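Biologist: I should like to understand how the terms used for a protein model are justified. May I ask for the reasoning behind each of them?

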Amino acid sequence: MADENVNEQERSGPRRFIARPKICQFCAEKNTVIDYKQVELLRRYVTEEGKIRPRRQTGTCARHQRALAREIKRARHVALIPFTFETFDES
């Protein structure tokens, strides 16, 4: 039986990504506060280019995603987080 499942996976091609439900970190940990001064927390929700990561990537709920966006923008305004990250060209 186990061999049949392996053969079915080999025939179907590469393994597909199965999306699992993501849990909002801020809803799970009630004592976590989103603040513009917590730069290390906010950097986890910003891409390398400086864009705010979408909810489907981070798993945050809509309420906390709005709060995150607001605090990231505040931190940018106060210059705790850069608006864009520098990219160095080899040319």
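Modeller: The following conversation sets values from this predicted model against the definitions behind the terms.

Biologist: Let us begin with the cysteines. How do you know whether cysteine 24 is in a disulfide?

Modeller: A disulfide requires two cysteine sulfur atoms within 2.5 Å. For cysteine 24, the nearest cysteine sulfur belongs to cysteine 61 and is 3.8 Å away. Because the limit is 2.5 Å, cysteine 24 is in no disulfide.

Biologist: What is the nearest cysteine sulfur to that of cysteine 61, and what follows from the distance?

Modeller: That sulfur is the one of cysteine 27, at 3.6 Å. Cysteine 61 is likewise in no disulfide, because the limit is 2.5 Å. The count for the structure is zero disulfides.

Biologist: What makes cysteine 24 buried or exposed?

Modeller: The relative accessibility of cysteine 24 is 7%. Buried means under 20%, so cysteine 24 counts as buried. Cysteine 61, at 21%, counts as partly exposed, because that class lies between the buried limit of 20% and the exposed limit of 50%.

Biologist: Let us turn to the aromatic rings. Why are phenylalanine 26 and tyrosine 45 called an aromatic pair, and which word describes their arrangement?

Modeller: Their ring centres are 5.8 Å apart, and the limit for a pair is 6.5 Å, so the term applies. The angle between the planes is 40 degrees. Stacked requires under 30 degrees and edge-to-face over 60, so the remaining word, tilted, is used. The structure has one aromatic pair by this rule.

Biologist: What makes this a link between distant parts of the chain?

Modeller: Phenylalanine 26 belongs to helix H2, whereas tyrosine 45 lies in the loop between helix H3 and helix H4, and the two residues are 19 apart. Both phenylalanine 26 and tyrosine 45 are buried. Glutamine 25, also in helix H2, is in contact with Tyr45 as well as with Leu41 and Arg44.

Biologist: I turn to the charged residues. Why is the contact between glutamate 71 and arginine 74 called a salt bridge?

Modeller: The closest N and O atoms of glutamate 71 and arginine 74 are 3.0 Å apart. The limit is 4 Å, so the term is justified. The two residues are three apart in helix H5, which separates them by about one helical turn. In general, an α-helix has 3.6 residues a turn, so residues three or four places apart point the same way. Salt bridges with shared partners also join Arg70, Glu71 and Arg74 into one network.

Biologist: Are glutamate 71 and arginine 74 buried or exposed, and how do you know?

Modeller: Glutamate 71 has a relative accessible area of 6% and is therefore buried. Arginine 74, with 42%, is partly exposed.

Biologist: How many salt bridges does the structure hold?

Modeller: It holds four. Among them is the one between lysine 37 and aspartate 35, at 3.8 Å from N to O. Another joins arginine 53 to glutamate 48, with the closest N and O atoms 3.9 Å apart. Both distances meet the definition, because the limit is 4 Å. Lysine 37 counts as exposed at 52%, because exposed means over 50%.

Biologist: How do you know that arginine 76 has no salt bridge?

Modeller: The nearest side chain of opposite charge is that of glutamate 49, 9.8 Å away. A salt bridge requires a distance within 4 Å, so arginine 76 has none, although it is buried. Arginine 76 and glutamate 49 both touch Phe83.

Biologist: Arginine 76 is found in helix H5. What can be said about the length of H5?

Modeller: H5 has 16 residues and spans 23 Å from its first C-alpha to its last, close to the expected 22 Å. The expected value is 1.5 Å times one less than the number of residues. The buried residues of H5 pack against H2, H3 and H4.

Biologist: What is notable about the phi of alanine 79, and why is this residue called exposed?

Modeller: Its phi is near 70 degrees, a positive value in a residue other than glycine. Alanine 79 lies in the segment after helix H5. Its relative accessibility is 63%, and exposed means over 50%, so the word applies.

How values were computed
Residues are numbered from 1 along each chain as its sequence is written. This is a predicted model: local features need pLDDT of at least 70, side-chain atom pairs count only at pLDDT 80 or more; totals for chains, interfaces and linings use all residues. Side-chain values use heavy atoms; hydrogens and water are left out. Buried means under 20% relative accessible area, exposed over 50%, partly exposed in between (1.4 Å probe, protein chains only). Rings of Phe, Tyr and Trp (its six-membered ring) pair if their centres lie within 6.5 Å; planes under 30 degrees apart count as stacked, over 60 as edge-to-face and the rest as tilted. Helices (H or I, at least four residues) and strands (E, at least two) are DSSP runs, numbered from the N terminus. Lys and Arg count as positive and Asp and Glu as negative; His and the chain ends are not counted. Contact means heavy atoms within 4.5 Å.
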